[in-house]
Amino acid sequence: MKKKIVILPGDGIGKEVTACGKKVLEQVAECFGHQFSFDYATIGHEAIEATGTPLPDASLEKMKNCDAVLFGAVGHPKYDNDPSAKVRPEQGLLKMRKELGLYANLRPIKLFDELLGASSIKPEILKGADILFFRELTGDVYFGERGRKDEGKTAYDTMIYSRYEVERIAHKAFKAALTRGKKVTSVDKANVLESSRLWREVVQDVARQYPDVEVEHMFVDAAAMKLIQNPRGFDVVVTGNLFGDILTDEASQIAGSMGMLASASIGDTVGLYEPIHGSAHDITGKGIANPLASILSAALLLDISFGLKEESETVIKAVEKTLREGYRTRDIADATTAHEKILGTEVMGNVVCNNARMLVNCQVAV
């Protein structure tokens with residue numbers, strides 16, 4: 001198989017973790033006889049510094065002409081406390097999603113038994129939880145009309161959804177549920193918000209086309225509580241952009257660290273794969289970032305964009321083997337972790353690559 005992959009490192013630790021994701025993809029290509037070519041593009045603060053825009057046309061063109069994108073993160077501290085900044089790294093992220101038609105964000109909350117103790121939630125509550133979030137990605141308050149009035153003293157952001165936007169993400173969620181536990185939880189705030197009432201109406205209409213799937217509707221505040229109280233009660237969750245952003249970050253606590261969670265942003269063309277963590281400038285350049293979310297994002301890329309399920313499973317099993325052997329990065333280590341088993345970013349990536357090679361009896365060493 002010949003495929004072209006664009007690496008979009010972005011800002012902060014994005015460069016460090018995507019390097020590990022790329023190395024795993026190269027290992028898979030070597031061991032399974034595929035040909036993956038790689039190109040690089042800029043986005044975010046790095047792109048602003050170089051070109052004045054958070055998403056240069058050249059980067060977008062590269063992404064539109066590839067088979068998949070492996071993305072790192074965007075963001076920089078200089079913008080965090082400067083609300084007056086007109087050009088921001090995150091604008092590149094939103095534009096990229098819109099231009100590529102990436103309307104569905106998939107975030108699997110997969111727990112590794114070896115890390116049940118890394119979460120602040122009791123292991124007996126967590127064990128067995130397996131949730132797949134579908135977050136609508138190109139609508140809602142992030143893309144609605146916004147502005148200021150009353151001489152800048154009043155600000156507004158419009159939460160807006162159209163029927164077709166809800167229909168297409170709902171269909172993806174229900175189809176996924178058919179291959180899992182056959183249950184969809186739709187999260188909204190229909191008791192207060194008109195956009196959520198439309199959301200619920202449309203999900204109810206779509207649900208009639210999937211009689212084998214159980215559907216429940218839940219207000220976002222109740223969902224936030226239940227996610228911590230009983231995560232095993234969820235199978236597939238579908239929700240809007242804002243609620244999905246918040247709930248999936250909350251769900252990262254279930255897995256023990258944001259450094260463990262991968263995601264896929266898909267539409268009808270190219271897919272984009274990224275860890276859910278941010279740019280983490282406080283640890284940038286220290287070589288201690290957890291690369292496992294980027295590596296697991298590479299596994300999603302292999303499965304969803306390329307249809308290489310065996311290769312994807314090999315990567316996941318390699319991560320599991322690495323954790324079972326006791327290796328940790330600092331964010332998932334605890335008092336029982338042997339000092340020599342606490343690894344930096346690059347070494348952790350190398351261990352996963354070697355375990356992947358061993359699992360398929362591949363003689364190509366990293």
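How much space lies in the second largest cavity? I hope these notes help as you look through the model, which is a predicted one.

1. To take that opening point: the second largest cavity holds about 50 Å³ of space. Its lining is made up of Lys110, Leu111, Phe112, Leu115, Leu116, Leu126, Ile254, Ala255 and Met260. By class, that lining has 8 nonpolar residues, 1 charged residue and no polar ones.

2. The structure has 2 cavities of 30 Å³ or more, and the largest cavity comes to about 70 Å³. Around the largest cavity you will find Asp140, Met159, Tyr161, Val187, Asp188, Ser195, Ser196, Trp199, Gly240 and Phe243. Strand E8 (183-188) and helix H8 (194-207) each contribute at least two residues to this lining, and H8 gives the most, with 3 residues. The class count for the largest cavity is 5 nonpolar, 3 polar and 2 charged residues.

3. Turning to the open spaces, the largest pocket has a volume of about 1,000 Å³. It is lined by 39 residues, and those closest to its centre are Arg88, Glu90, Gln91, Leu94 and Tyr142. Two or more lining residues come from each of strand E3 (68-73), helix H4 (77-80), helix H5 (89-99), strand E6 (146-149), strand E7 (154-157), helix H10 (241-255) and strand E12 (271-275). H5 supplies the largest share, 5 residues. In this lining, 15 residues are nonpolar, 11 polar and 13 charged.

4. The second largest pocket has a volume of about 830 Å³. Of its 31 lining residues, Pro108, Leu132, Leu300, Asp303 and Ile304 are the closest to the centre. The elements giving two or more residues here are strand E4 (104-110), strand E5 (130-136), strand E11 (262-266), E12, H11 and helix H12 (309-324). The lining of the second largest pocket divides into 18 nonpolar, 6 polar and 7 charged residues.

5. Helix H11 (residues 292-304) deserves a paragraph of its own. What span should its 13 residues have at 1.5 Å a residue? The expected value is 18 Å, and the end C-alpha atoms are 18 Å apart, so the two agree. H11 is also mostly covered, with 11 of its 13 residues buried. The buried residues are Leu292, Ala293, Ser294, Ile295, Leu296, Ser297, Ala298, Ala299, Leu300, Leu301 and Leu302. One of them, Leu300, is buried and is also among the residues closest to the centre of the second largest pocket.

6. Please also have a look at the annotated site. An unreviewed UniProt entry places the feature "binding site" at Asp221, Asp245 and Asp249. These residues span 29 residues in sequence, yet no two of their C-alpha atoms are more than 14.4 Å apart, so they gather at one spot. From this set, Asp245 and Asp249 belong to the lining of the largest pocket.

7. Finally, a word on two of those aspartates. Where is aspartate 221 found? Aspartate 221 sits in helix H9 (residues 220-229) and is partly exposed, with a relative accessible area of 45%. Its side chain is joined to that of lysine 189 by a polar contact of 2.9 Å. Aspartate 249 lies in helix H10, and this residue is partly exposed too, with a relative accessible area of 31%.

Notes. Residues numbered from 1 in each chain as written. Predicted model: local features only at pLDDT ≥ 70, side-chain atom pairs only at ≥ 80, totals over all residues. Heavy atoms only, no water. Helix = DSSP H or I, 4+ residues; strand = E, 2+ residues; numbered from the N terminus. Expected span 1.5 Å × (residues − 1). Buried < 20%, exposed > 50% of the residue type's maximum accessible area, 1.4 Å probe, protein only. 1 Å grid on protein atoms, 1.4 Å probe; cavity = no way out; pocket = protein on both sides within 12 Å on 5 of 7 lines; lining within 4 Å. Points joined across faces, edges and corners; volume = space filled by probe spheres on them. Nonpolar A, V, L, I, M, F, W, Y, C, P; charged D, E, K, R; others polar. UniProt positions renumbered as here; feature names shortened; annotations may be inferred. Polar contact = N/O pair within 3.5 Å; in protein donor to acceptor, adjacent residues only side chain to side chain.
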